[in-house]
Amino acid sequence: MILGAILAQRTNWRNVELAIKNLKEAKVASLSALCHLGPKKIAPLVRPAGFYQSKSRYLYGLARFIMSRYGQIEKMKKAPLEKLRSELLKLKGIGPETADSILLYALDKPVFVIDEYTRRFLKKHYQRFFKKLKISDKDSYERLQKFFENNLPRDVRLYQRFHALIVIMAKSELRGKEKR
DNA sequence: CACCAGGCCCTAT
DNA sequence: ATAGGGCATGGT
C-alpha cells in the first residue's frame, strides 16, 4: 500500500503493478529491504511507473524515515493521526494526497483522501457544493477534505470504501465515454 | 503519432 | 505567494 501510494503519483495502476512486480521478483518489496538498497538500486526496478529517478528517491526517503523512526508499521499505527500526517508531509515526494492515502489505507487512520477523481465526482454530481468550496484555491485540499469528514461518521472503513467507490465510479464513467 | 494516467518539487516572477 | 515547467513510462 505504502509503496503504491508513491508509485501511483500521476501514473496509471497498470504501470504501478509492473514496478511492484519488479520489486517482488527482486525480493525487495518491503520498507526494510529498500533501506538497504539505496535509491540507485531502486530506480531501475520502479522504472515502469515513470518519473523513476524521483520516485526511487522518495521511496528510499520514506523507507528510511519509517524504519528509523518507528521500526515497523504496527508501531507506527499507534502514533496519533495529526502527528503522523505532519511527519509524512515533511518528506520529499509526499504531498497531501499521498500522505492521506498512506494514513487511510496502510495505517487505518480516519482521513478522507482527496484526489482528482474525488474532485470530478463533486463537480459532476454536487455542483452547488463544489462552487462554494472554491477548488482553485491553494488550500482547497483541506477544505474538500473537511467537507467529507464533517458530513460523514468518523469511520475508517467507511472512508476507505467511500473513496474506493468514487474511483470505481469515475473509471466506469470514463470507459463509458470511450466506447460511445 | 498524440494523448493520458489516483502528484509533487522547484523556480522565476 | 503563486502559476508554470519538469519529471517518464507503457497503454490506447
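Start by selecting K171 and DNA strand B: an N or O atom in the K171 side chain sits 3.3 Å from a phosphate oxygen of the strand, a polar contact (a pair of N or O atoms within 3.5 Å). This is a predicted model, in which local features need pLDDT of at least 70, side-chain atom pairs count only at pLDDT 80 or more, and totals for chains, interfaces and linings use all residues. Residues are numbered from 1 along each chain as its sequence is written, chains are lettered from A and ligands numbered from 1 in the order in which they are written, and side-chain values use heavy atoms, leaving out hydrogens and water.

Next, pick K92, where a polar side-chain atom lies 3.3 Å from a phosphate oxygen of DNA strand B. Then move to W13: an N or O atom of the W13 side chain is 2.9 Å from a base nitrogen of the strand.

Now show everything around DNA strand B (a residue is near if one of its heavy atoms lies within 4 Å). You should find 21 residues, with W13, G93, G95, T98 and Y117 the closest. Of the strand atoms that come within 4 Å of the protein, 72% belong to sugar and phosphate. Colour α8 (96-106) too, as this helix (a DSSP run of H or I, at least four residues) gives the largest share of that surface, four residues.

Finally, turn to the largest pocket. Which residues lie nearest its centre? They are A8, Q9, W13, E97 and D115, among 35 lining residues. Domain 1 (2-106) and domain 2 (116-179) each give at least three residues to this lining; the domain bounds come from an automatic or database domain assignment.

Conventions. Polar contact = N/O pair within 3.5 Å; in protein donor to acceptor, adjacent residues only side chain to side chain. Helix = DSSP H or I, 4+ residues; strand = E, 2+ residues; numbered from the N terminus. 1 Å grid on protein atoms, 1.4 Å probe; cavity = no way out; pocket = protein on both sides within 12 Å on 5 of 7 lines; lining within 4 Å.
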